[in-house]
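The following paragraphs lead through the structure shown below, from one residue to the packing around it and then to the ligand. The reader may wish to keep the sequence at hand.

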Amino acid sequence: MLLALVVCTSAASEERTHTLAQFTRPALLGRFDEDRDGKLSEKERATLRKAFGGLDVPMLPAEPFHYATVARPGHVDQSQLREWDNTPADNPLTNHGATLGRVLFYDRQLSRNGSVACASCHRQDAGFTDPRRLSVGLEGGRTRRNAMGLANLRYTNLKGRRPGFFWDERAQTLEDQALMPIQDEVEMGMALDDLCGKLCELPYYPPLFEAAFDSSEVTSERVARAIAQFVRSLESWDSRFDREAAAALKAGDGTGDFAGFTREENLGKRLFLEGLGGVAEFACAMCHIPPTFNTEHARNIGLELDYKDPGLGGLERPPNEPFTPSNEGKFKAPSLRNIELTAPYMHDGRFATLEEVVEHYSGGVHPHPNLALAFEDDDSPEATSGMRFTQEQKTSLVAFLKTLTDKRFVSDERFSDPFIRGGE
Ligand code: HEC
Ligand code: HEC
C-alpha cells in the first residue's frame with residue numbers, strides 16, 4: 001500500500017535549471033583556487049553555503065558510486081540470495097536511484113522543521129542504528145522503541161516467509177516503510193504534499209530525480225522508491241566471520257573451526273550455529289539465520305511475563321505460528337550483523353551490553369503463553385530456557401557475535417553523509 005501519491009512540478013525549479021554536474025566534487029571544489037587534499041575549510045563551507053542561499057548541499061562523486069553490483073564473498077550462496085531478495089520488479093536498484101536515496105536519507109529538509117534526517121536515528125558508525133535507548137524526533141519527542149540497525153534488509157524472504165519491517169513488522173515493503181518516519185509526528189512530522197513542494201524547491205533534487213527516474217518530477221512514490229533502493233544497497237559482507245567462512249570454504253572445509261578464529265570464537269561459533277550440545281533447536285541460528293543473520297518472523301523470547309509493548313500483538317492479525325494463542329510480545333529482530341556497534345539491544349533497548357543479552361538467553365527467559373519453542377525445556381517445567389550456558393560458553397558467544405563487525409560497511413563512503421555541513 002503506497003500512501004496517497006503526491007506529484008509536484010515547480011515552474012520555478014524548471015526555470016532554475018540546475019544540473020547534477022554542479023553538485024559533483026570537482027565542480028564544488030573547483031570554485032576555489034588553490035587545492036589541496038579535497039577537504040573543505042570552515043570558510044569554504046560558509047562560502048558554498050552562501051552560494052546556495054544558505055543551504056547545505058550534497059557533494060557527489062563525478063561518476064555515481066556502484067550500488068547495483070556488489071562483490072560478495074564465496075560462502076554467500078548467490079542463488080539463495082536471489083530467493084531471499086525482496087527487490088520488487090518495478091523498483092530495481094540503480095546507481096542513480098540509490099544516489100538519490102542516499103541524499104534523501106541524510107537530508108534534514110525531509111522533516112518539518114529541518115532538524116531531523118533518517119540518519120539522525122540511523123548512524124552509519126553505529127551500524128545504522130541509534131546509540132540512544134529511544135531516539136529523539138523533530139521536537140524533542142521520544143520514539144516508542146529503540147531504532148533498528150539497517151544491514152542486508154534486501155534479503156528477508158527467509159524460509160518461505162517474508163517478515164515486514166519495524167519491530168512489529170507493520171510495514172509490508174521497504175517502499176511503504178520509507179514514507180512512515182517522514183510523516184510520523186514524533187519523528188519527522190512532514191505531510192507528503194508539503195514534502196514534495198519543499199524538495200522541488202531545493203536546487204539539487206530536480207536533477208537527482210531526473211537522473212534516477214528520467215524526469216525531474218518529485219513524487220512521494222519516487223521518494224519512497226529511491227530511499228528503498230538506498231536501504232537495499234546497505235549490504236554488509238566483510239566481517240571477520242565472512243573472511244574466515246570464505247577461506248574455509250575455499251580450503252574445502254565449510255563446517256569446521258575457522259583457522260583465523262580464537263578458540264573462544266570457534267566455541268561461540270559452534271554454540272551459535274549448531275546449538276548447545278549440538279541440539280539445533282537450541283541454536284541461535286534457528287532464528288538469526290546466517291549469512292544475513294536476519295530473522296524470518298517475529299517471535300516472543302520471554303523478555304517479560306506481561307509485555308508492556310505488545311509488539312506484533314498490537315496489530316490485528318491472526319497468530320503468526322501454530323500453538324500460540326496470539327502475537328502478544330512477538331517482535332522481529334534486526335540483523336545481528338555489526339551487533340557489537342548497535343547497542344542498546346531489544347525493541348526497548350533494555351540491555352546495554354551483549355553480556356546482558358546472553359545472560360537473558362541463559363537464565364532470564366520468562367515463561368509466556370507465546371514463548372518461542374526454542375526456549376521450552378522439556379526436562380524441567382520451571383525452567384523456561386533449555387539454553388543454560390557456562391561462564392566460558394557465555395564469553396564465547398559474545399566473542400563470536402563480535403566477529404560480525406564489518407568495519408568497511410560502517411565507513412563505506414557510498415553509504416556516508418554526502419552533505420557539506422557548514423556554519424553550524
Ligand atoms: C526519530 C528517529 C528515527 C528517524 C528520523 C527514522 N527512523 Fe527508522 N527507525 C526508528 C525506530 C525507533 C525504528 C523502530 C520503530 C518501530 O519498530 O516501531 C526504526 C525502524 C526502521 C526500519 C525497520 C528495520 C527493520 O529491520 O525492520 C527501517 C528500514 C528504517 N527505520 C529506515 C528509516 C528511514 C529510511 C528513515 C527516513 C525516511 C528513518 N528510518 C527515519 C527511528 C527513526
Ligand atoms: C526463537 C528465536 C530466537 C532464538 C533461538 C534466539 N533469538 Fe536472539 N532474538 C530473537 C528475537 C525475536 C529478538 C528481538 C526480541 C525483542 O526485542 O523483543 C532477538 C534479539 C536478539 C539480540 C538483540 C538484537 C538487537 O538489535 O537489539 C541479540 C544480540 C540476540 N538476539 C542474540 C541471540 C543469541 C546469542 C542467541 C542464542 C543464544 C539468540 N539470540 C537466540 C529471536 C531469537
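Leaving aside its neighbours within four places in sequence, with which residues is Ile 227 in contact? In this predicted model, the residues in contact with Ile 227 beyond that sequence window are Gly 101, Leu 104, Phe 105 and Ala 178.

Ile 227 and Leu 104 recur in a wider setting. The largest nonpolar core comprises 58 residues, and Ile 227 and Leu 104 are, together with Leu 195, Tyr 205 and Val 231, those with the most contacts inside it. At least two residues of this core come from each of α5 (95–106), α6, α7, α8 (192–201), α9 (205–213) and α10. It is α10 that provides the largest share, seven residues. Because domain 1 (7–236 + 409–415) and domain 2 (240–404) both contribute residues to this core, it lies between them. Another core lies apart from it and has 26 residues, including Ala 248, Leu 336, Val 365 and Leu 404.

The surroundings of ligand 1 come next. The ligand is surrounded by 29 residues, of which Cys 118, Cys 121, Phe 166, Trp 167 and Pro 181 are the closest. Three helices, α6 (118–121), α7 (174–183) and α10 (220–233), are each the source of at least two residues of this shell. Here the largest share belongs to α7, with four residues. Sorted by class, the shell around ligand 1 contains 18 nonpolar residues, six polar residues and five charged residues.

Two helices thus head the two lists: α10 gives the largest share of the largest nonpolar core, and α7 gives the largest share of the shell around ligand 1.

Definitions and conventions:
Residues are numbered from 1 along each chain as its sequence is written. Chains are lettered from A and ligands numbered from 1 in the order in which they are written. This is a predicted model: local features need pLDDT of at least 70, side-chain atom pairs count only at pLDDT 80 or more; totals for chains, interfaces and linings use all residues. A residue is near a molecule or strand if its C-beta atom, placed from the backbone, lies within 6 Å of it. Ala, Val, Leu, Ile, Met, Phe, Trp, Tyr, Cys and Pro count as nonpolar, Asp, Glu, Lys and Arg as charged, and the others, Gly among them, as polar. A nonpolar core is a set of buried Ala, Val, Leu, Ile, Met, Phe, Trp, Tyr and Cys residues joined through C-beta atoms within 7 Å. A residue is buried if 20 or more other C-beta atoms lie within 10 Å of its own, exposed if 12 or fewer, and partly exposed in between; C-beta atoms are placed from the backbone. Domain bounds come from an automatic or database domain assignment. Two residues are in contact if their C-beta atoms, placed from the backbone, lie within 7 Å.
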